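Me: I have a chain to go through with you. Short questions, short answers, please.

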Amino acid sequence: MSLPELHTNGSTAPRSLAAENFAQCPLPITGHDTVQLGHGSGGKMTGDLISKLFLWAFENPVLARLDDSAVVSLGDSRLAISTDSFVVDPIFFPGGDIGELAVYGTVNDVAMSGALPVYISLAFILEEGLPLADLKRIVESIRRAAARANVTVVTGDTKVLNHGKGDKIFINTTGIGILEHDYDLSSRNLRPGDQLILSGGLAEHGMAILSRREGLEFETPIRSDTAPLIDLAQITLDVGGDDVRAMRDATRGGLAAVANEFAVASGIGIRLYESEIPVKPPVAGACEFLGFDPLHVANEGKMVVAAAGERAAEILEAIRKHPLGADAAIIGAVTSENAGMVSMQTRIGGWRIVDMMVGEQLPRIC
């Protein structure tokens, strides 16, 4: 099989994907001969898989940006497109379910490019034996989430696997949004002097999933933070304009993954301040009890904003006026030192390196 190759210079020379040509690909990926759960973690193994196989095969300037959405031009319009698949286990969890997670996860990726999401697709992969009552509950959840996000479901697909060949239900979604401005938001845009804003407390989604999966009960129940970030993103742009360098929702890999992606893509260093990073006490306690670092735990309703230092306080004030941004804080700064590296000043004044996870801390989290 061969696919057309897109180059930045516009040529379309074919690149064969025949087995013998994979010798040109810098495999093996992280030393494994088979796909591992860690390849879907959002950490270093995922990055290796993307850069060493997918980017190698499908190289083009839009894909190479590796932002949450692809921004493309169509006539006089600029569109943002993002696709995602949801395999979360369990499918119902404190604070949400796989249906609303699928909608919010995709519209949030579109919103992080600064676009206004308008359409979404749904593809269901169902396992034989899934109770129709569960499917109905999920579909109703999707309907409510789509209405809250103000997006319309315009196409879809349904496949059914034999019993035992799947795990109840998987959902794939694709979202399309319209950019009504000329701002260029990208993880490659950060500059020394910029500051990082986090819209709220970390690790709530990951700890909610873990508690339900493992049957854990905490004194204060932990609920997923899954929510649409469209309004927060629009508020941020309305106030900050082109002084907003990048926005990213901190899903798989958590804040640590986002900060490291920013640092590497922009060739800058990032300093985080632990005392400024919001984590609700019950979540912090659960993370400490179970040995999880909240910086690495997934979120589904939090975003990280990189903005010009002189505008960050103004943007923060606007974000805090929205219910989903009430606990927002400036949590770090961009520096020209230690390019590609993220460090954090601890509460006791020391410094430590914040690296991206290699593999999977919590599999099937979204």
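Me: Is K136 buried, partly exposed or exposed?
Reply: A note before the value: this is a predicted model. The relative accessible area of K136 is 52%. Exposed means over 50%, so K136 is exposed.

Me: Which residue forms a salt bridge with K136?
Reply: The closest N and O atoms of the pair are 2.6 Å apart. Both residues lie in helix α4 (residues 132–149), 4 residues apart, about one turn of the helix. The partner is partly exposed, at 30% relative accessibility. It is E140.

Me: Which ring does R137 lie over?
Reply: R137 is placed over the ring face, at 3.8 Å from the ring centre. The ring belongs to F92.

Me: How many residues apart in sequence are the parts that R65 and D184 tie together?
Reply: R65 and D184 form a salt bridge, with 2.7 Å between the closest N and O atoms. R65 lies in the loop between α2 (61–64) and β3 (70–74). D184 lies in the loop between β9 (169–179) and β10 (195–198). The parts tied together are therefore 119 residues apart.

Me: Is D184 buried, partly exposed or exposed?
Reply: The relative accessibility of D184 is 42%. Its partner R65 has 30% and counts as partly exposed. D184 also counts as partly exposed.

Me: Which residue meets D167 in a salt bridge?
Reply: The N to O distance is 2.7 Å. D167 is partly exposed at 22%. The partner is partly exposed at 31%. That partner is K168.

Me: Which residues are joined into one network by salt bridges that share partners?
Reply: The structure holds 20 salt bridges. Those that share partners join one network. Its members are R65, D67, D68, D184, R248 and E261.

Me: Why is the pair of Y273 and W351 edge-to-face?
Reply: A search of the whole structure finds 1 aromatic pair. The ring centres of Y273 and W351 are 6.2 Å apart. Planes over 60 degrees apart count as edge-to-face. The planes here are at 70 degrees, so the pair is edge-to-face.

Me: How many residues apart are Y273 and W351?
Reply: Y273 is in strand β12 (residues 269–273) and W351 in strand β16 (residues 351–353). Y273 is partly exposed at 25%, and W351 is partly exposed at 46%. The pair links distant parts of the chain, 78 residues apart.

Me: Which helix gives the most to the largest nonpolar core?
Reply: The largest nonpolar core has 84 residues. I169, M207 and I270 have the most contacts inside it. The leading helix gives 7 residues. It is α3 (residues 98–111).

Me: Which residues is I270 in contact with, leaving aside neighbours within four places in sequence?
Reply: I270 is among the residues with the most contacts inside the largest nonpolar core. Its contacts include T335 and S343. The full list is L190, L196, A259, F262, A263, A333, V334, T335, M341, V342 and S343.

Me: How many residues of strand β13 are buried?
Reply: M303, V305 and A307 point one way from β13. V304 and A306 point the other way, and these are buried too. The buried count is 5 of 5.

Me: Which residue in β13 is the bridge partner of I197?
Reply: β10 and β13 pair in the antiparallel sense over 4 bridges. Strand β11 (residues 244–249) also runs antiparallel to β13, with 5 bridges. There, D249 has M303 as its partner. For I197, the partner is V305.

Terms used. Residues are numbered from 1 along each chain as its sequence is written. This is a predicted model: local features need pLDDT of at least 70, side-chain atom pairs count only at pLDDT 80 or more; totals for chains, interfaces and linings use all residues. Side-chain values use heavy atoms; hydrogens and water are left out. Rings of Phe, Tyr and Trp (its six-membered ring) pair if their centres lie within 6.5 Å; planes under 30 degrees apart count as stacked, over 60 as edge-to-face and the rest as tilted. Helices (H or I, at least four residues) and strands (E, at least two) are DSSP runs, numbered from the N terminus. Buried means under 20% relative accessible area, exposed over 50%, partly exposed in between (1.4 Å probe, protein chains only). A charge sits over a ring if NZ of Lys or CZ of Arg is within 6 Å of the ring centre and within 35 degrees of the ring normal. A nonpolar core is a set of buried Ala, Val, Leu, Ile, Met, Phe, Trp, Tyr and Cys residues joined through side-chain atoms within 4.5 Å. Contact means heavy atoms within 4.5 Å. A salt bridge is a side-chain nitrogen of Lys or Arg within 4 Å of a carboxyl oxygen of Asp or Glu. Two strands pair if DSSP finds at least two bridges between them.
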